[in-house]
Each structure stands twice: as structure tokens, then as C-alpha cells.
Amino acid sequence: MSTSGQDRAGARGPDNPAARYGSRMGARSSSAALQARLIKQERTVLDQLFDEIQAEDSVARVAAVLAGARRRFISGAGRSAAFAHLLDLDLSHGVPHVTHIDGTTVRPLDVLPDVRATDALIVFAMRRYRRETVQLAEQFAERGAQVVAVTDAADSPVLQFAAEHIIVPTASASVTDSATGVVAVIHLLTALTTASSKGSRRRLAEREDLIEQMGLYI
């Protein structure tokens, strides 16, 4: 955000550096400026992402792989584990046989001996790329399963094992890479996969009946 030599009110502002710092770099003004830069950048990320998705049809292709698989496995390590967890929560509402390989409750060694070509793995791999994520993708690919990747760059190491992929822009004005585009992709993937999966309507209805019977929500 650029600042002209003249304040918006029309005056040049105070004539000493300390006063100028106080009026232009105080907590409120600096926070507002940072917020404006952040919002502008996040809008740019989303516009770029949606343009690329529509041009390349990448989300629809990945959703078709997930919908057509017998079992769907999801994984990610480090910060990417949060994205894997969110997709697991959302996708399992309407789609059966969804398993989150989190390394604790479900470990790769628990899953890999039974992986078949009818299975699919979706991995989230954002910089800095975790070794265990790439190794898991390699192991699934070696067993004939379809690997799909959600990552942030064309040279991401996980792509060498992925049959399909979605590259998400993550440029940010913050201290962390933007998560906005990744969450948007998760939202789209959930919607498209659920719409294409057999029995989703029945599963969603039965799930709601169970939720009501169990009194899960206030």
C-alpha cells in the first residue's frame, strides 16, 4: 500500500520524525495497513486459484479419482496435517471408506500391506516438504493405488508419484504461507466428490438420524 507525500486530509502532517511515526505507524494505522495488504493478497490468491481450476479442471479430475476409488486415504504432515484432517472430516460425511493416515491413530504400516490398485491416496504437501509424506506417496504408487496431490509448486517432490494433482497458490503478506486457497480446494473437492459418490444422499440422511439419536449437538 503506497503512501503519498500528502495526508488524505490535505495536510503534510507533523514536521518531526517522532510525530510522523506516531501518526502513521501507530498500532491502529499499522494494523489497518497490514490488514488491507493481507486482504488484497488473499483475494489475489483466490482469483488466481479459481481461474486455474476452471482452466485446467484439476479439482474435477481429482474428485473423479476419489469418487471412483474403493477406499480413500488422506494424509499430510506438519502444517499439512491440518488440511488432511479437515478433508477427512468433511468428506466422510457423505462418502464411505475414508481413512486419515495421521501417523498416530492410523499409521502407514497399518495400512500399506492391504493397499490395492482400487484404492486412492490424497496427500497434502506444502513447503517445507515432509519426507514421510513423499515416502507414503511412493509406497502407495508402488502398490498400484492412485495417488493425488494437493501441493503448492510445480517442483514439489510429491508430484513424481501423483497421477493427478492440484497446485494451490499460497503467496501471502503474512509470516505464514496462505491457507485460504487450500481450504477452498478442500471445500470444492468435498462437494464434487460427494455429489459423484454412490449412496451419498442415503449416507448423509442416516448420519443425521444417528446424530439426533445420540444427541451430539446442543
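**Figure 1. His97 and Asp57, two loop residues with positive phi.** In this predicted model, His97 counts as exposed because its relative accessibility is 54%, and its place is in the loop between H4 and S2. The phi angle of His97 is near 55°, a positive value in a residue other than glycine. Most residues other than glycine have a negative phi. Asp57 can be viewed beside it as a second case, since its phi is near 60°, again a positive value in a residue other than glycine. Asp57 lies in the loop between H2 and helix H3, the latter spanning 58–68, and with a relative accessibility of 44% Asp57 counts as partly exposed.

**Figure 2. The whole chain, as a setting for the close-up views.** The protein chain contains eight helices and five strands, and from the N terminus on its elements follow the order α-α-α-β-α-β-α-β-α-β-β-α-α. Of the 218 residues in the protein chain, 37% are buried. Among the contacts in the chain with a separation of 6 or more, 71% are between residues 24 or more positions apart.

**Figure 3. Strands S1 and S2 and the helix between them.** Strand S1, made of residues 71–76, pairs with strand S2, made of residues 98–101, in the parallel sense and over four bridges. Within this pairing, Ile74 stands opposite His100 in S2. To get from S1 to S2 the chain passes through helix H4 (residues 80–91), and the resulting β-α-β crossover is right-handed.

**Figure 4. Strands S4 and S5, and the two faces of S5.** Strand S4 (residues 146–151) and S5 are paired in the parallel sense over four bridges, and Thr151 stands opposite Ile167 in S5. In a regular strand the side chains alternate between the two faces of the sheet. In strand S5 (residues 164–167), Glu164 and Ile166 form the covered face, whereas His165 and Ile167 form the uncovered one.

**Figure 5. Glu42, a buried acidic side chain in helix H2.** Glu42 lies in helix H2, which covers residues 27–56. What is the nearest side chain of opposite charge to Glu42, and how far away is it? That side chain is Arg79, at 8.6 Å, and Glu42, although buried, has no salt bridge. A polar contact of 2.4 Å does, however, join the side chains of Glu42 and Thr180. When residues up to four places away in sequence are not counted, Glu42 touches Ala171, Ser172, Ser178 and Thr180.

**Figure 6. Thr133 and its surroundings in helix H6.** Thr133 has its place in helix H6, residues 131–142. Is Thr133 buried or exposed? With a relative accessibility of 4%, Thr133 counts as buried, because the cut-off for that class is under 20%. Leaving aside residues up to four places away in sequence, Thr133 touches Gly76, Ala77, Val123, Phe124 and Ala125.

**Figure 7. The loop before helix H6, with a cis peptide bond and a salt bridge.** The peptide bond from Arg127 to Arg128 is cis, with omega near 0°, and Arg128 is found in the loop between strand S3 (119–125) and H6. Most peptide bonds are trans. The side chain of Arg127 meets that of Asp177 in a salt bridge, at 2.7 Å from N to O. This pair links distant parts of the chain, 50 residues apart, with Arg127 in the loop between S3 and H6 and Asp177 in the loop between S5 and helix H7 (180–196). Arg127 is exposed, with a relative accessible area of 56%.

**Figure 8. Further salt bridges.** A search of the whole structure finds seven salt bridges. One of them joins Arg61 and Glu164, whose closest N and O atoms are 2.9 Å apart; Arg61 lies in helix H3 and Glu164 in strand S5, so this pair ties together parts that are 103 residues apart in sequence. Arg61 counts as partly exposed, at 34% relative accessibility. The side chains of Glu206 and Arg202 also meet in a salt bridge, at 3.3 Å from N to O, and because they are four residues apart in helix H8 (residues 200–214), they are separated by about one helical turn. Glu206 is partly exposed, with a relative accessible area of 41%, whereas Arg202 counts as exposed at 51% relative accessibility. Arg70, Arg71 and Asp119 are linked in a network of salt bridges.

Key: Residues are numbered from 1 along each chain as its sequence is written. This is a predicted model: local features need pLDDT of at least 70, side-chain atom pairs count only at pLDDT 80 or more; totals for chains, interfaces and linings use all residues. Side-chain values use heavy atoms; hydrogens and water are left out. Two strands pair if DSSP finds at least two bridges between them. A crossover is right-handed if, with the strands pointing away from the viewer, the path from the first strand over the helix to the second runs clockwise. Buried means under 20% relative accessible area, exposed over 50%, partly exposed in between (1.4 Å probe, protein chains only). Lys and Arg count as positive and Asp and Glu as negative; His and the chain ends are not counted. A salt bridge is a side-chain nitrogen of Lys or Arg within 4 Å of a carboxyl oxygen of Asp or Glu. A polar contact is a pair of N or O atoms within 3.5 Å; within protein, one must be able to donate a hydrogen and the other to accept it, and residues adjacent in sequence count only if both atoms are side-chain atoms. Contact means heavy atoms within 4.5 Å.
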